[in-house]
Amino acid sequence: LGDGWRLPTVEEFELIFSDLFQKGKGNFQISYYWTCDEIMDDTAWDFYFVAGKAYGYFKSETYYVRAVRYI
């Protein structure tokens with residue numbers, strides 16, 4: 001995507017969930033999205049848009065991604 005794009009943190013996804021998803025904006029899938037926050041070398045946090053919470057999973061799992069950047 002170019003310079004400045006990255007995966008959101010768990011905290012940023014919490015804001016995205018309340019400010020966009022719950023208001024029907026952003027065209028999000030009702031599923032899991034990877035965050036940039038790692039737990040260990042083989043696990044990371046993802047954000048679940050059904051529950052509005054983060055969970056830790058193995059990086060080998062296939063989930064959605066949504067890039068963000070500072071403006």
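## Phe13 and Phe49

In this predicted model, Phe13 is a buried residue with a relative accessible area of 0%. Phe49 is likewise classed as buried, at a relative accessible area of 1%. Both values fall under the 20% limit for a buried residue.

The aromatic pairs in the model number 18. Phe13 and Phe49 make up one such pair, with 5.7 Å from centre to centre and 85° between the planes, an edge-to-face arrangement. Phe13 belongs to helix α1 (residues 10-19), while Phe49 is in the loop between β2 (43-48) and β3 (53-58), so this pair ties together parts that are 36 residues apart in sequence.

## Phe17 and the aromatic cluster

Phe49 also pairs with Phe17; here the rings are tilted, 6.0 Å centre to centre with 55° between the planes. This pair too links distant parts of the chain, with Phe17 in helix α1 and Phe49 in the loop between β2 and β3, 32 residues apart. Phe17 has a relative accessibility of 12% and counts as buried.

Ring pairs join a wider set of residues into a cluster: Phe13, Phe17, Phe21, Phe28, Tyr33, Phe47, Phe49 and Tyr64. Phe28, a member of this cluster, also has a charged group over its ring: the charged end of Arg66 sits there, 4.0 Å from the ring centre.

## Nonpolar core and contacts of Phe49

Eight residues form the largest nonpolar core, namely Phe13, Ile16, Phe17, Phe28, Tyr33, Phe47, Phe49 and Val68. Helix α1 supplies three residues, the largest share of this core.

Once neighbours within four places in sequence are set aside, Phe49 is in contact with Phe13, Ile16, Phe17, Phe21, Phe28, Gln29, Ser31 and Tyr33. Ile16 is thus both a contact of Phe49 and a member of the largest nonpolar core. Phe21 is a contact of Phe49 and is part of the ring cluster.

## Chain layout and overall dimensions

The chain has one helix and three strands, in the order α-β-β-β from the N terminus. Of the contacts between residues at least 6 apart in sequence, 50% connect residues at least 24 apart.

The radius of gyration is 12 Å, which agrees with the value near 11 Å for a compact globule of 71 residues. The C-alpha trace spans about 35 × 30 × 20 Å along its principal axes.

## Surface and an exposed loop residue

Of the 71 residues in the chain, 28% are buried. The chain exposes about 5,000 Å², and carbon and sulfur atoms account for 54% of that area.

Asn27 lies in the loop between α1 and β1 (32-40). Its backbone has a positive phi of about 50°, although Asn27 is not a glycine. With a relative accessibility of 68%, Asn27 counts as exposed, because the limit for that class is over 50%.

Conventions
Residues numbered from 1 in each chain as written. Predicted model: local features only at pLDDT ≥ 70, side-chain atom pairs only at ≥ 80, totals over all residues. Heavy atoms only, no water. Phe/Tyr/Trp six-rings, centres within 6.5 Å; stacked < 30°, edge-to-face > 60°. Helix = DSSP H or I, 4+ residues; strand = E, 2+ residues; numbered from the N terminus. Buried < 20%, exposed > 50% of the residue type's maximum accessible area, 1.4 Å probe, protein only. Lys NZ or Arg CZ within 6 Å of the ring centre and 35° of its normal. Rg over C-alpha atoms; globule rule 2.2 N^0.38 Å. Contact = heavy atoms within 4.5 Å. Areas by Shrake-Rupley, 256 points an atom, 1.4 Å probe, with all protein chains shown as cover. Core = buried A, V, L, I, M, F, W, Y, C linked by side-chain atoms within 4.5 Å.
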